[in-house]
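Hi,

Here is the structure I promised to pass on. Have a look through it first, and then read on for what turned up.

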Amino acid sequence: MTVSGKVYSLTHSEKTLTAALAASPTSSPGHLAKTLYAEHHKKPTFAEGYLETFMGVLQRGNANETLPEPTQADLDRAAECGDFGSRPSDLFLKIYYDMLATLDTNPWAGVVSPPLLGSRGVVNLSIISVIPDIIQHHYDCIVRAESEVFLATNFWQTSKSASKICDALLELSRRAIKRGKKVVVKMMYDRANLKMLTESHVVVDDAEMASDEVKLPKRSDMPGIDFELVNFHQPVLGTFHCKFMIVDRKMALLNSNNIQDRPNMEMMIHLEGPIVDSLYDTALISWFRSMHPPLPLLDTPYQPPEGGYKFGMDNEYATPWNLDGREGAELFKILQQEAGGIHDGDVDKGGEEDPAPSGSLDEGIPFISGTYQTITEHLNAGDQPDTHASVPYEPPASSEDDYSPHILHARHGECPMALVNRAPSGSPGNHASSLRNMQDAAWLAGLKYAQRKVFIQSPTLNAAPVVEGILNAVRRGIQCILYIDVGFNDGGEALPGQGGINEEVSKTMFARLTDEEKEKLKLYWYTGMYFSRELSFEDSPSISGKDQIKPINASAQKRNCHVKLMIIDDSVGIVGNGNQDTQSWYHSQEVNVMVDNPMLCQDWLDGIRRNQNTYLHEVAKDGIYRDMYGNPLTDSTGVGSGFRGVVKGIQGSIARVRGKGGF
C-alpha cells in the first residue's frame, strides 16, 4: 500500500484554510473548512458531534487495520507530501507515512489543511520546569506583539499564572497605544457549560470575563487591544485540551501546561519557521467562528527573520529569565556589563524588577531562572509554598549537570517537522474510528517502527492502544522507558472506560510479559530533583525530584509532572499537549509537533535528566515501586476500580468542568 492518489493530491493542493479565510476574512473558518476539500470527501454515512463543528465530516473506518511497513518507494512518495526543505530521516518518514493514511477518510484528520501538515522549522528554546517559568516566557512574547496574538489553553483559572497573562495583555495594550496601532488578540479556553448543548463555540461576554473564576481585564482596561474570547467544548467528552500560542505569525509556543497554578513539572518549546503557519491554520479551524475583527496577518505568511534564525540571548524574545546554572550566571554578568545587552524593551514592570543575582554558588545557592534561589524555592513557585526539602543541596561536579530548566538550543538549521494533532470527539465510548487521526497514528507508528528504544514521559498511561503498542514493542526487543506520575488524576482515570489508574496499569503490563521481556520494559515514577555528587540508587534509593527523598503521590499536590513527550531511537521527538490516557487518545482535541532532529531530542533527554531524578526510581518487575528496604509507597490515593473509584472519578470530573481540576 502506497500513499494514495487522493492523499497525494490533498497534500499538494493550492488550497489552505488560511488562504481561503484571507480571501474572505469575515467568513467562518469552520464553514469554509467544510467545503474546502469537498471533492475528496466520501459521502457521509453518519454525523458525529454538532453542526457547527467541522468534524461532522469524519467518517468511521477500521482504525485497527495494520499498515504494512513502507518500501523505499513509499518513503520517497511520503517525502514529497510535505514542505520539509530537506529529506527527512527514514524513521520520520515511516511515521509520517502512517499519518498520511488517516487522510484517506477525512481531509481534516490532522486538524490542519493537508498542504501544511508536513513542514519545517527550528526550536530556539525549550523549558522543562514549573509553570511560572513557562508563563514568564508567554509574558515576554505577548508584550512584544505588534499585530496579533492567538492564545489557546485548556484550563484558564484565576491564579498567579492567569494574573501574569493579564499583566501581559495590559502591558501590550499600553505599548500598542504608544505606537498608535491596535493589536488583535484571540483567546480560547474550555470551561464547559450548558450553552454548549446547542453551540459548542461560545463567545465569552464581559460578565464571564469579570467572574471570580476567570478575572480577565475588562476590555475597557485594554484600549490598545481588540480582544475576543471563545469558550469551546464538544459535549460530552470532546475537551479542548490544546495549549499553544502564536505571535505575529513569527513564532509559536507549544506547551503542556494550562494557565493555572499547579505543582507540576511541565514542558514548552519555542518554534520558529514555516511550521508556525501550520499551527496558525490549526488555530483558525479550532476557532471555527467568524472573527470580529479578523486577524490582520491572514494574508501575510511566515517570513524568516532578517539575517537568519537567532538563538540563545540573540533571539528577540529571549530575556534574562532564560538563564540558569553557572554558565547562565556568567552570561548574565556579561550582559549586564554590555550596554543594551539585556534587551527587555520598554516594559512597564509595575514595580517588578529585572531578575538580578542575590547570592552566589559559594553560598550553596544555584542560579535558576535569572536569579539565585534554592531548587526548593524554584519548585515551590508552582504554588505549594509549604513543601520543604528533605535533603540538602550539593552542587554537581560539572556545570553540564546544573539544574537548568531553560534549554537554549545551539544554532541549527531548519529540520523536518509535522503537526501531530487530533480533533475532539464528544460521543461517549471509545470507538475505533476515533483513533483515525494524526496524533494516535504517529504514536502507534513510533512504537511500531522503533529499532532500539522508545522514551515516553506522560502524567498518565492507560489508553489500550498505547499499552498494547508498548507491550508489542517490548516483545520484539525494543527497550521502552516510561516516566509516569504515580497518582496523577486517579479519580478521573478510575471512571469506567477511562483505562484505570497508573499503579494498576503498571502491574497489569508486567503481568503480561515473560521474565525476559520484562527486562526491556523500564517504568519509573516521576521524582523531582536532588543533587548530590556520585549519586546512585544504591546510595540514595528514595531521593525524589531535586529536593525530596522519594516519589510523592500526585494527589498530595507537591511534586507532580505534566510533561508530554515521546522520543523514538533518540532521533525523532513528538511533543505537545496529548497525554497517554484514554481521554487524549479517544476524545480530546490535541496539538503536538513531530521533530526530526537528534540534537534536539538529546537536549530534551539531557534536560529531563538534569531537572528530575526519575531515573533513580524504577518500578519493580511486578509493577510495584519499593524502596531499598522493600517498602512500597504508602501515600496511594486508594482510588481503584469498583464503586468507590467511580464515585471519586465523578467528583474529579465535576471539579475539572468547574475549573478546579486539570489534566
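By a nonpolar core I mean a set of buried Ala, Val, Leu, Ile, Met, Phe, Trp, Tyr and Cys residues joined through side-chain atoms within 4.5 Å. Bear in mind that this is a predicted model.

On that footing, the largest nonpolar core has 132 residues, and Ile 95, Tyr 96, Met 99, Ile 470, Met 594 and Trp 604 touch the most other members. Helix H9 (residues 275-287) gives the largest share of this core, with eight residues. Another core lies apart from it, with 39 residues, including Leu 125, Leu 169, Leu 172 and Met 222. Back to Trp 604: beyond four places in sequence, its contacts include Ser 126, Met 267, His 409, Leu 565 and Val 595.

Strand E3 (residues 183-189) is worth a look too. Seven of its seven residues are buried. Val 183, Val 185, Met 187 and Tyr 189 point one way, while Val 184, Lys 186 and Met 188 point the other. E3 runs parallel to strand E2 (residues 148-152), joined by five bridges, with Val 185 as the partner of Val 149. E3 also pairs in the parallel sense with strand E5 (residues 225-234), over seven bridges, and there Val 184 stands opposite Asp 226. Together, E2, helix H7 (residues 160-179) and E3 make a right-handed β-α-β unit.

On confidence, the chain's mean pLDDT is 87, and 84% of its residues reach 70 or more. Over residues 42-64, though, pLDDT is below 50, and over residues 531-545 it stays under 50. Where pLDDT is low, the predicted coordinates should not be read in detail.

Cheers

Definitions and conventions
Residues numbered from 1 in each chain as written. Predicted model: local features only at pLDDT ≥ 70, side-chain atom pairs only at ≥ 80, totals over all residues. Heavy atoms only, no water. pLDDT = per-residue confidence, 0-100. Contact = heavy atoms within 4.5 Å. Buried < 20%, exposed > 50% of the residue type's maximum accessible area, 1.4 Å probe, protein only. Helix = DSSP H or I, 4+ residues; strand = E, 2+ residues; numbered from the N terminus. Pairing = 2+ DSSP bridges. Right-handed = clockwise from strand over helix to strand, strands pointing away.
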